[in-house]
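Good morning, and thank you for coming. Please look at the sequence and the structure as they appear, and then let us turn to the enclosed spaces.

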Amino acid sequence: MESENHTKVEEFLLLGLSEDPDLQPVLFILFLPMYLVTVLGNLLIILAVSSDSHLHTPMYFFLSNLSFTDICFTSTTVPKMLVNIQRQCKTISYKGCLTQVCFVLAFGGLENFLLATMAYDRYVAICNPLRYTVIVNPHLCVLLMVLSLSASIVDALLHTLMVLRLSFCTDLTIPHFFCELAQVIKLACSDTFINNILVYIVTGILGIVSLICIIFSYIKIFSSILRMPSARAKYKAFSTCGSHLSVVSLFYGTVFGVYATSEWTDSSSNSAIASVMYCVVPSMMNPFLYSLRNRDVKEALKKLMRPYVSLRSSHVL
């Protein structure tokens, strides 16, 4: 590649989900409520867990951290897209793009580890109920959170620092609504072999380890549930992990869908639309899955909302 084809990067161009000007207001109207629902729903979960002493258990400790992660994960990408649509400007600065890459990887990785940690928590609760409070103690909960956060930060910083060594060509157009690592690497003029190897090896290992942990935990859980004598005991045991299993299926299902789409099709627009499924949809749906399928969370939300409902009723009267 000749030197004149290289350029000092100041900003990238995010094409978004569509280049059609007529679709921009539709996208804004669609994604703004989705973002607000995501933030409000997850915030309610955090407030419900923190305000109800009955929910001060390891399971809900991890759930509140998952909700916080979902808020941060979505806030890393969607607000910038909404601002670009509103301003009719598709640029993002070089520093802003790398920052977005770093935070997407960090919060995406943290959610991945949290789901594995929550699977382990359910495994101990169902397979070793008498020793649950001894094994999953507050010290272990904090340790698991610190390890998850540390691993996700190291992974994010590693990939981001490796992008810093790349030089870019004059074409700085990203066919996406946020700075996705793979898309940024594709724009580089310099050798990206090490970057691609790191993407496949490091991200692959971390994802596979978490997924194996989840699969192993649920094999043990289902095996333990099937050995239970009564149907009521089976239902009660399964109901404690049903919400988590739904969230896991949604998260990993959408992630695999994105990678399958990117491998089987050359359409960048299809890849961008598929990325919405794992960047926005799981974070928005998680509060509904936990509040609709979990009796304790529903009761805590009712207690949390009761003063506001009573206050509004008194004003009406």
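A search of the whole structure, which is a predicted model, finds two cavities of 30 Å³ or more. I shall take them in turn.

The largest cavity holds about 40 Å³ of space. Which residues line the largest cavity? They are Met59, Phe62, Met118, Asp121, Arg122, Thr240, His244 and Tyr290. By class, this lining divides into four nonpolar, two polar and two charged residues. Three helices each supply at least two residues of the lining: H2, helix H4 (94-127) and helix H9 (231-264). Of the elements, H4 gives the most, with three residues.

Let us move to the second largest cavity, where about 30 Å³ of space lies. Its lining consists of Asn42, Ile45, Leu63, Leu66, Ser67, Asp70, Asn286, Pro287 and Tyr290. Two or more of these residues come from each of helix H1 (24-51), H2 and helix H11 (281-293). Which element provides the largest share of this lining? That element is H2, with four residues. The classes here are five nonpolar, three polar and one charged.

Please note that Tyr290 appears in the lining of the largest cavity and also in that of the second largest. Helix H2, likewise, contributes at least two residues to the largest cavity and four to the second largest.

Let me therefore close with H2 itself, which covers residues 58-75. This helix has 18 residues and reaches 26 Å from its first C-alpha to its last, close to the 26 Å expected at 1.5 Å a residue. H2 is also mostly covered, for 15 of its 18 residues are buried.

Conventions:
Residues numbered from 1 in each chain as written. Predicted model: local features only at pLDDT ≥ 70, side-chain atom pairs only at ≥ 80, totals over all residues. Heavy atoms only, no water. Expected span 1.5 Å × (residues − 1). Buried < 20%, exposed > 50% of the residue type's maximum accessible area, 1.4 Å probe, protein only. 1 Å grid on protein atoms, 1.4 Å probe; cavity = no way out; pocket = protein on both sides within 12 Å on 5 of 7 lines; lining within 4 Å. Points joined across faces, edges and corners; volume = space filled by probe spheres on them. Nonpolar A, V, L, I, M, F, W, Y, C, P; charged D, E, K, R; others polar.
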